[in-house]
Number of protein chains: 2
Amino acid sequence: MSKIVMKFGGSSVATTEKIQHIATRINHEKVNGNDVVVVVSAMGKTTDNLLGLAMELSENPTKREMDTLLSTGEQITMALLAIQLNEIGFDTVSLTGWQANLQTDNVHRNARIENLDATRILDLLAENKIVVVAGFQGVSGEGDITTLGRGGSDTTAVAIAAAIEADICDIYTDVDGIYTSDPRFVQNARKLEQLEYDEMLELANLGAGVLHPRAVEFAKNYKIPLRVRSSYNEDVGTILKEEVDVENNLVVRGVAFEADIVRLTIEYEVPFNGSLASIFTTLAANHINVDIIVQSIVDGKKPTVSFSIKKESLAEAITVLESNKEALGFIFADFEVGLAKVSIVGSGMVSNPGVAAQMFDRLRKENIPVKMVSTSEIKVSVVVPQNDMIPAANALHDEFDLALV
Amino acid sequence: MSKIVMKFGGSSVATTEKIQHIATRINHEKVNGNDVVVVVSAMGKTTDNLLGLAMELSENPTKREMDTLLSTGEQITMALLAIQLNEIGFDTVSLTGWQANLQTDNVHRNARIENLDATRILDLLAENKIVVVAGFQGVSGEGDITTLGRGGSDTTAVAIAAAIEADICDIYTDVDGIYTSDPRFVQNARKLEQLEYDEMLELANLGAGVLHPRAVEFAKNYKIPLRVRSSYNEDVGTILKEEVDVENNLVVRGVAFEADIVRLTIEYEVPFNGSLASIFTTLAANHINVDIIVQSIVDGKKPTVSFSIKKESLAEAITVLESNKEALGFIFADFEVGLAKVSIVGSGMVSNPGVAAQMFDRLRKENIPVKMVSTSEIKVSVVVPQNDMIPAANALHDEFDLALV
């Protein structure tokens with residue numbers, strides 16, 4: 001007998017039919033003798049509908065009240081799922097964030113979990129009940145309803161798994177696991193049986209949207225085995241853990257890519273006067289996310305700094321730069337569109353210093369020009385022309401033997 | 001400066017436009033220097049939509065979970081109203097039932113308020129904030145969400161008014177007050193300025209659906225002045241209190257009527273063996289509400305008992321009686337349809353014993369036959385043919401001078 005946490009996202013509970021479907025999955029785990037806690041998101045479009053109502057009243061609605069409003073979405077799902085589980089014969093109790101004692105700070109709309117006293121959940125499990133908990137929400141020290149921000153329900157699931165010392169936390173999604181690369185574009189992309197938390201963190205930050213980085217970080221901190229599985233089949237999915245088994249110990253474990261990248265280049269008058277930080281402070285203040293930054297100071301040339309942003313931020317970024325040109329002290333700004341980012345991720349890179357060189361070599365052989373480079377301990381990202389993105393991903397997937405079982 | 005509670009029902013908050021409208025009403029009370037607590041119901045069809053979802057899953061959904069589900073309706077309204085009040089410049093905080101410390105018993109779907117610790121509400125008022133509280137809901141000793149059953153939001157408003165020692169509790173509705181009779185059918189029906197709690201209780205029990213009896217009882221117990229007003233105009237409405245002012249001291253204050261009444265008559269074999277109680281116990285167990293009961297034991301005749309029920313319960317009542325005929329010990333049952341009930345209500349009746357006689361005399365003059373009679377200290381009800389209902393109501397309204405100002 002195990003203690004398991006099962007988390008279902010918005011599309012898995014979008015209709016009462018889908019709620020009936022996941023009830024059979026939960027049923028299956030329960031009749032196998034497991035203690036089961038289920039965490040649910042809001043049904044399909046509920047959150048958007050509630051946001052729409054608030055926006056009819058205010059462009060900048062009070063954050064505390066938005067949390068109170070939006071938290072009803074998960075509360076509706078949890079009650080309906082509990083009704084269904086009771087209907088098919090399983091004694092089930094639903095709990096909101098405050099009922100589950102999920103304590104957070106008071107940063108509304110982006111609260112962080114501070115404590116989770118699992119006494120009530122454990123008592124209910126001891127009574128052989130299934131417990132359904134609303135994801136995404138908690139309660140502040142002042143007794144106000146808070147929400148956890150993006151990826152919040154995943155984080156709730158992991159936090160509960162940690163608090164009840166669950167054997168595993170299963171995240172049910174539309175996909176059946178984490179792949180070496182996106183199988184729609186990369187031939188031979190293959191589902192990974194295991195992946196390390198840190199690798200998943202890099203993949204999540206690179207836009208592999210299956211799991212929110214915050215939930216992965218939480219799982220990593222509390223060493224909770226996290227499994228990504230499909231709501232629609234019985235596949236085992238991918239298990240995230242601290243260290244993957246030796247037989248899977250590939251140097252590179254995934255190839256991620258992202259289209260619609262723009263490179264901005266700014267040229268300064270010499271002497272360079274330290275306004276580099278000001279540029280990025282100004283962009284951040286305007287909610288423009290900067291990814292890769294490359295600075296170039298070559299004798300005899302004017303210093304330049306290049307950085308990548310997403311295409312949708314371009315117009316805003318140019319406006320911000322132009323209107324702060326004088327304060328920021330640069331003389332010339334240029335941009336290049338039609339770029340993409342391709343990254344390789346793997347914890348084995350730490351002990352294999354030749355990986356980046358092998359990557360560049362392969363891209364050179366494929367005649368793919370590299371415009372920018374960024375590295376971390378377990379990741380190398382390159383910016384390439386968008387037309388070369390898929391060929392680059394396929395080439396790197398092949399280069400690092402990811403199709404092998 | 002007064003402390004006031006303002007309660008708005010589902011149709012007053014059905015859309016964001018209506019929420020904007022009532023915000024201006026609240027604004028008006030606040031800028032006049034009052035401390036304001038607002039109690040709201042769920043928006044228009046929200047409750048029906050949530051019920052519909054639950055019914056797709058279960059014919060008999062778990063009551064605890066239904067309360068958790070339905071309570072989201074008021075939570076959505078309160079958050080939206082708070083967003084709107086903040087938007088127009090009033091510092092506003094919304095509170096759910098549990099946040100407002102509204103403690104109930106654990107009878108889900110029909111909970112009773114046990115205690116309301118108003119500390120948090122009073123603290124917020126002391127900070128010059130408007131407080132918006134979700135009606136209809138509370139929290140049990142076990143920390144479960146409960147709902148108060150029909151008329152629950154009115155009861156919440158009165159309970160809060162009692163707990164914060166409000167000067168008045170205003171119930172905003174679709175109508176602009178309590179009338180001497182239904183103005184759609186009775187010419188000269190007139191809005192009452194004042195009415196006693198007990199009179200309102202009789203009128204409410206007679207189907208004048210403006211206020212739920214439980215809310216009126218609560219107001220009576222705590223002597224909270226209760227005012228029924230329109231959300232759509234500035235009319236003063238009708239004030240309910242313990243004793244109305246002398247100048248308004250009419251003997252009869254209202255004429256109520258209700259169509260679609262059926263009279264059932266049951267004949268027993270002699271000797272009558274005490275199964276009268278069993279009949280009504282059996283009917284109650286099958287959720288058939290019996291109103292007027294008349295028993296007739298005349299020497300030389302078989303004993304009979306007649307009682308009135310609503311038309312929609314007739315088929316069920318006949319089935320129940322037939323299938324229990326032997327156990328209940330009666331030999332014959334008959335029914336008469338096409339009847340209606342007309343009632344006069346007024347606390348002055350207690351000290352005016354001739355009122356019933358005056359009523360019967362007038363009905364006789366109008367050639368309206370009386371089929372059944374029921375009296376209480378401050379009410380006389382008669383059952384008459386349905387065709388005579390409106391003429392009877394008009395005649396009695398005239399007989400007791402209710403059109404006078």
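This note comments on a predicted model, taking the relation between chains A and B before a sheet in chain B.

1. Symmetry of the two chains. A turn of 180° with a shift of 0.1 Å along the axis lays chain A on chain B, with an RMSD of 0.2 Å. The two copies are thus related as by a two-fold rotation axis. Within chain A, the residue that comes closest to this axis is Thr72(A), whose C-alpha lies at 2.7 Å.

2. Extent of the interface. Contact between the chains involves 27 residues of chain A and 27 residues of chain B. On the side of chain A that touches chain B, α1 (16-31), α2 (46-57) and α3 (63-87) each supply at least two residues. The most is given by α3(A), with 13 residues.

3. Character of the interface. The residues on this side of chain A comprise twelve nonpolar, twelve polar and three charged. Of the interface residues of chain A, 100% are also interface residues in chain B, so the copies meet through the same surface.

4. Order of the sheet in chain B. An open sheet of six strands runs in the order β14-β15-β13-β16-β18-β17 (chain B), with antiparallel pairing. The edges are taken by β14 (293-296) and β17 (372-376) of chain B; each has a single partner strand, so one side of each is left without a neighbour in the sheet. On average, neighbouring strands of this sheet are turned by 30° against each other, direction ignored.

5. Pairing around β16(B). Strand β13 (residues 254-268) of chain B is joined to β16 (residues 330-345) of chain B by twelve bridges, and the two run antiparallel. In this pairing, Gly254(B) stands opposite Val345(B). With β18 (residues 379-385) of chain B, β16(B) pairs over seven bridges, also in the antiparallel sense. Here Ile344(B) stands opposite Val380(B) in β18(B).

6. Pairing at the β14(B) edge. Four bridges connect β14(B) with β15 (residues 304-310) of chain B, and these strands run antiparallel. Val294(B) stands opposite Ser306(B) in β15(B). For reading the side chains in the model, it may help to recall that in a regular strand they alternate between the two faces of the sheet.

7. Helix on the sheet. Which strands does helix α11 (residues 355-365) of chain B lie across? The helix crosses β16, β17 and β18 of chain B, and runs at about 20° to β18(B). One of these strands, β17(B), stands at an edge of the sheet.

Definitions and conventions: Residues numbered from 1 in each chain as written. Chains lettered and ligands numbered in written order. Predicted model: local features only at pLDDT ≥ 70, side-chain atom pairs only at ≥ 80, totals over all residues. Least-squares fit on C-alpha atoms with pLDDT ≥ 70 in both. Contact = placed C-beta atoms within 7 Å. Nonpolar A, V, L, I, M, F, W, Y, C, P; charged D, E, K, R; others polar. Pairing = 2+ DSSP bridges. Axes fitted to C-alpha atoms, helices over the stretch in contact; angles between N-to-C directions.
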